[in-house]
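Work through the exercises below with the sequence and the 3D view side by side. Try each task before you read its solution.

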Amino acid sequence: KVKQILESLNPEKGEIPLSLFIDREIYELELSTVFKKSWLFLGFENMVKHAGDYFTTTMGEVPVIVTRDQNNQIRVFLNFCIHKGMKLCRATQGNSEFFRCPYHGWTYSNDGKLVGVPYYEPAYVGILDLEKQGLIPVPNVKIYKGTIWASLAEKPKPFEEFMGNMKLYLDLILDMFEGNMEIYGGIHRWLLSVNWKIPLENFAGDAYHAPFTHASAVSIGLRGAYGNNVRILYPGEGHGIVSVPGGLARKAVDIDALRPFRDKLEKALEMLTQRYGEFVKNMFPFGPLNVFPNFSMHFTWNYIIFRVWHPRGPTLTQLEGGVLVFSDLPEETKRQTLRRALHEFGPAGLLEQDDAEVWSKISENSTHLREALIDPKLIYTRGLGMDVEAEKVLGKGARGRIGEYYNDVSLRGFYSTLKRYLTGGE
Ligand code: FES
Ligand code: FE
């Protein structure tokens, strides 16, 4: 069955079978290939600022703990007690030098060493060598300009290669913050009844939905309508960027408290143009973007948000996300950007709920078709063959391919990359 689905998956022709978003075997294959081999975004360095700080998250469905140990080194372990497999840490974040398992009390220091086993004497003496035991580390961790990434592969391709041209655009973002970023207002997590790939499409390249799905937001003036000037950039390697020249939602809200945030973006625009080239002016601040496979960000003149789309089942996704601010902004500015962001994105955000409604209906529909063994090919042919070198449109220094508004170039790229992983590549 998997073979059949993969045969009907022809992204270069814009053909994506519906079952890609619903089939359990495909889903499991994604976990053991895409989520096993990719470099996955785990969080920001600032989330573990001080020795002992930790947070828990997942890589695919694999639970992990990210901690800063007492020697200030950031470490990533499977959130798994080696004794009998209990989930070691059940909190989402905190500060502790130790993790103690709730089952039999085995205790690990935050550098992963097993330091305490109840009733070690006499039962384990000479049998269990504490020195040789400890938490299972995630084999590859990369701290990159304030962000934390990891890969579960034994030998992943180098981070730079995995990012490909996306590294340039990631650099723009991370250089803009200069390490000066913080999550403001905490992290939200909630479940969406949808396959993990559908939400990220909106960030990677489906600007096409906005005027319709979000028509009510436009009509009340929360958002200006997207014009025909929206461009879809495909850096390669499955990543995607929606580039909105001039940025989004500048006029919709104009309050003094947001000015310091906008000044920062303006300054960053100047700085980044000098550093990377004229093309920056034609694409910064971006709209939404997605780093393959499941890390999204979204920039507007009112706020910056991030999203991680954690797979939880063929039609279940856990969204983990928050609002990013520059740490040195005035408190009132931070508060206002948080407010703006949550108004649109978040568990009660107007735009995100528009999207979630569509997404859950897609799952429901797909399930019914599948029950009747109907598997149509979905149509990803917008602008097929019309994309050009990004430099031609954006100017010198830009990388990747770009298509005007009506273009699925980055989505075809995403699914081509996905297919590569699903068929044994990386
Ligand atoms: Fe953790 Fe036994 S499973 S101490
Ligand atoms: Fe949307």
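Helices (H or I, at least four residues) and strands (E, at least two) are DSSP runs, numbered from the N terminus. This is a predicted model: local features need pLDDT of at least 70, side-chain atom pairs count only at pLDDT 80 or more, and totals for chains, interfaces and linings use all residues. Residues are numbered from 1 along each chain as its sequence is written, chains are lettered from A and ligands numbered from 1 in the order in which they are written, and side-chain values use heavy atoms, with hydrogens and water left out.

**Exercise 1. Cis peptide bonds**

Task: Find which residue E121 joins through a cis peptide bond, and place that residue.

Solution:
- Step 1. The bond from E121 to P122 is cis, with omega near 0°.
- Step 2. P122 lies in helix α4, residues 120–123.
- Step 3. Now turn to F292 and P293. A cis peptide bond joins them, and omega is about -5°.
- Step 4. P293 sits in the loop between β15 (288–291) and β16 (295–299).

**Exercise 2. Positive phi outside glycine**

Task: Locate N72 and Y119, then decide whether each is buried, partly exposed or exposed.

Solution:
- Step 1. Fix the cut-offs. Buried means under 20% relative accessible area, exposed over 50%, partly exposed in between (1.4 Å probe, protein chains only).
- Step 2. N72 is not a glycine, yet its phi is positive, about 70°. N72 belongs to the loop between β4 and β5 (74–78).
- Step 3. The relative accessible area of N72 is 47%, so N72 is partly exposed.
- Step 4. Y119 is not a glycine either, and has a positive phi of about 55°. Y119 belongs to the loop between β9 and α4.
- Step 5. Relative accessibility is 71% for Y119, so Y119 counts as exposed.

**Exercise 3. Strand β3 and its partners**

Task: Trace which strands pair with β3, and say how many of its residues are buried.

Solution:
- Step 1. Set the rule: two strands pair if DSSP finds at least two bridges between them.
- Step 2. β3 pairs with strand β6 (residues 93–95) in the antiparallel sense, over three bridges. Y54 has G94 as its bridge partner in β6.
- Step 3. β3 also pairs with strand β4 (residues 62–68), antiparallel, over six bridges. T58 stands opposite P63 in β4.
- Step 4. Look at the turn. β3 and β4 form a hairpin with two residues between them. G60 in that turn has a positive phi of about 65°.
- Step 5. Check burial. Seven of the seven residues of β3 (residues 53–59) are buried, so the rest of the structure largely encloses this strand.
- Step 6. Sort the sides. D53, F55, T57 and M59 point one way, while Y54, T56 and T58 point the other way.

**Exercise 4. Two open sheets**

Task: Give the strand order of the sheet that holds β8, then of the sheet that holds β11.

Solution:
- Step 1. The order with β8 is β7-β8-β9, an open sheet of three strands with antiparallel pairing.
- Step 2. β7 (98–100) and β9 (114–116) are at the edges, each with a single partner strand, so one side of each has no neighbour in the sheet.
- Step 3. The twist averages 35° from one strand to the next. For such angles, axes are lines fitted to C-alpha atoms, for helices over the stretch in contact, and angles run from 0 to 180 degrees between N-to-C directions.
- Step 4. Three bridges join β7 to β8 (residues 107–109). R100 stands opposite T107 in β8.
- Step 5. The order with β11 is β2-β11-β10, again open and antiparallel.
- Step 6. Here β2 (40–44) and β10 (140–144) are the edge strands, each with a single partner, so one side of each lacks a neighbour in the sheet. The twist averages 25° from one strand to the next.
- Step 7. Five bridges join β10 to β11 (residues 147–151). Y144 has T147 as its bridge partner.
- Step 8. Helix α6 (residues 166–177) packs on this sheet, touching β10 and β11. Contact means heavy atoms within 4.5 Å. The direction of α6 makes about 55° with that of β10.

**Exercise 5. The iron site**

Task: Name the residues that coordinate the iron ion (ligand 2).

Solution:
- Step 1. Donors are N, O and S atoms within 2.8 Å of the metal (3.2 Å for Na, K and Ca); water is not among the atoms, so sites may look incomplete.
- Step 2. H209 (NE2), H214 (NE2), D355 (OD) and D355 (OD) coordinate the ion, at 2.1 to 2.4 Å.
- Step 3. Along the chain, the spacing is H-x4-H-x140-D. H214 lies in the loop between α8 (210–213) and α9 (215–219), and D355 in helix α12 (residues 350–371), so the pair ties together parts 141 residues apart in sequence.
- Step 4. H214 and D355 are both buried.
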